[in-house]
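Grab a pencil and try these exercises one at a time. Have a go at each task before you read its solution.

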Amino acid sequence: MLSRIAEVRVTPILISDPPLLNLQGVHQPYTPRTILEVITESGAVGLGETYGDTDYLNLAEAVAPQLVGRPLVVNNLYATVVQRLDDVGAERVDNTVQAEGLRGSRTLSKIASSVASAFEVAVYDALGHELDVPVHALLGGKVRDEVEYSAYLFYRWAEHPEPDEPKDTWGAALDPEGVVAQAKRMADDYGFSSFKLKGGVFEPAQEVAAVRALAEAFPGQPLRLDPNGAWSVSTSLEVAAALEGVAEYLEDPTTGTANMAEVARKTSLPLATNMCVTAFDEVPEAFSTNAVQVVLSDHHYWGGLRATQDLAAVCRTFGVDLSMHSNTHLGISLAAMTQVAATIPGLRYACDTHRPWQTEDVITEPHTFAGGKLAVPDAPGLGVELDRESLEKLHKRWQDNDVRRRDDAAAMRRVHPDWAAPTFPRW
Ligand SMILES: O=C([O-])C(=O)C[C@H](O)[C@@H](O)C(=O)[O-]
Ligand SMILES: [Mg+2]
């Protein structure tokens, strides 16, 4: 007989983040995440991680007490989360606004999915510990022993503007040479052999030049460019023409399914997205218009690990490829991505991860990439253990600091006071 949930802990933290540039601005020195612990009557601990912005955190805190006394069941989690939306005043969310401009439209159900997913992961982790099996076994079993990730390259500043803000040793990358140097270090340190450049920062011609420089430095290796919907249809087509035979896909060149479909009709370069297809109700229009050829799933957005498997089945049905998107995250999320990726047949593109940019973690043994891959662990649950000291330290930072949401435009305004988040298309 499985034991029930005895306690649920929700801990907001702030993690250091380097000054990575994107269409909206620049990453803040610290960014919020929420860490969950689901503790069973027999003492098993399941871990989950999700966004830490106020709406997500408040919702997670409202849901936590509802789970105490319940069995380790994942099927009712989304419904439980949705019921608590009213408690946290999340009706303030405008369904038409893009969350940070980088993940498509912001809706209440997407916020609920992102919170439910973290509880789902924590329940699976607890279940794995109770039953002494890995999460991938609970998901039907792994079909691969390693999951491949790609290097996530960013234009970036060497440092944040204030002297006491977190530093790293990567240096600036503001031109093709800087991007290639960053890619070489990613390849040397982690063994990545495919590369994604975050675009939408400079004029498209400059970003095309960077991708071409990468192609010269890494001949024949997979390359992608992602401007987060910054370009018009005609600019997207110009970039597509310039990168045909160079890039393996273009990611969200333009905003909205209709524009993506128009670009897709006129280029042979596959289009990938983590913006216009981020929830099941966005699938029918996108697939029926052939707007995307690769969906970049994200278990946070889609509502969990099983939802990711469901999405994989839908994609298979329509002949659309699936890979994985990431956002700034720590080892619990990476462990969850790796577990579910291990169970999905036909995953032929390397998954995204921001993890190499993070200098902190809340697990005792942070992941190490070898040959750009992570081994799929067979240890119980997610195969990671909470580092309590680190959790407390990062929680104390949250208590001592007033950053409560990600706002890349505000971070940019500290350096360029006139900066405004762009209107679309930017180019
Ligand atoms: O593929 C993407 O669009 C992302 O990874 C979204 C992220 O927010 C990325 O743009 C970032 O970290 O700046
Ligand atoms: Mg993207």
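Below are six exercises on this predicted model, each with a worked solution.

**Exercise 1. The two domains**

Find out which domains the protein has and how many residues of each are in contact with the other.

*Solution.* Step 1: start with the domain assignment, which gives domain 1 (5-136 + 388-400) and domain 2 (141-375).

Step 2: look at the spacing. Taken over C-alpha atoms, the centres of domain 1 and domain 2 are 22 Å apart.

Step 3: turn to the contacts. Here 41 residues of domain 1 meet 46 residues of domain 2. On the domain 1 side, the elements that give two or more residues are β1 (5-16), β2 (21-22), β4 (30-40), β5 (45-51), α3 (108-131), α4 (135-138) and α13 (388-400). The largest share comes from α3, with 9 residues.

Step 4: sort that side of domain 1 by class, and you get 22 nonpolar, 13 polar and 6 charged residues.

**Exercise 2. Around the ligand**

List the residues around ligand 1 and say which domains the shell draws on.

*Solution.* Step 1: go along the chain and pick out the shell. You should end up with Leu 20, Asn 22, Leu 102, Lys 198, Asp 226, Asn 228, Asn 274, His 325, Ser 326, Asn 327 and Thr 328.

Step 2: split the shell by class: 7 residues are polar, 2 are charged and 2 are nonpolar.

Step 3: check the domains. Domain 1 and domain 2 each supply at least three residues to the shell around ligand 1.

**Exercise 3. The two annotated positions**

Which residues does UniProt list under "active site", and are they buried or exposed?

*Solution.* Step 1: read the record. An unreviewed UniProt entry puts this feature at Lys 198 and His 325. They are spread over 128 residues of sequence, yet they cluster in space, with a largest C-alpha distance of 12.2 Å.

Step 2: take Lys 198, which sits in strand β8 (residues 195-198). Lys 198 has 25 other C-beta atoms within 10 Å, so it is buried. Leaving out residues up to four places away in sequence, Lys 198 touches Asn 22, Leu 153, Phe 154, Tyr 155 and Asp 226.

Step 3: take His 325, found in the loop between β13 (321-324) and α12 (331-341). His 325 is buried because 26 other C-beta atoms lie within 10 Å. With residues up to four places away in sequence again not counted, His 325 touches Asn 274, Leu 296, Ser 297, Asp 298 and Asp 352.

**Exercise 4. Two loop residues**

Decide whether Val 74 and Leu 347 are buried or partly exposed.

*Solution.* Step 1: place them. Val 74 is in the loop between α1 (54-67) and α2 (77-83), and Leu 347 is in the loop between α12 and β14 (373-375).

Step 2: recall that a residue needs 20 or more other C-beta atoms within 10 Å to count as buried. Val 74 has 18, so it is partly exposed. Leu 347 has 21, so it is buried.

Step 3: see what they touch, skipping residues up to four places away in sequence. Val 74 touches Glu 120, Val 123, Tyr 124, Gly 304 and Arg 306. Leu 347 is in contact with Leu 322, Ser 323 and Ala 341.

**Exercise 5. A hairpin**

Work out in which sense β4 and β5 pair, and why β5 is described as largely enclosed.

*Solution.* Step 1: follow the pairing. β4 and β5 run antiparallel, over 7 bridges. One of the details to spot is Leu 36, whose bridge partner in β5 is Gly 48.

Step 2: look at the hairpin of β4 and β5, which has 4 residues between the strands. There, Gly 43 takes a positive phi near 95 degrees.

Step 3: count burial in β5. Because 6 of its 7 residues are buried, β5 is largely enclosed by the rest of the structure.

**Exercise 6. A helix and its neighbours**

Which residues of helix α8 are buried, and what do they pack against?

*Solution.* Step 1: scan α8 (residues 257-266). The buried residues are Thr 257, Asn 259, Met 260, Ala 261, Val 263 and Ala 264.

Step 2: find their packing partners, which are α7 (233-243), β11 (271-273) and α9 (283-288).

Key. Residues numbered from 1 in each chain as written. Chains lettered and ligands numbered in written order. Predicted model: local features only at pLDDT ≥ 70, side-chain atom pairs only at ≥ 80, totals over all residues. Near = placed C-beta within 6 Å. Nonpolar A, V, L, I, M, F, W, Y, C, P; charged D, E, K, R; others polar. Domains from an automatic or database assignment. Contact = placed C-beta atoms within 7 Å. UniProt positions renumbered as here; feature names shortened; annotations may be inferred. Buried ≥ 20, exposed ≤ 12 C-beta atoms within 10 Å, placed from the backbone. Pairing = 2+ DSSP bridges.
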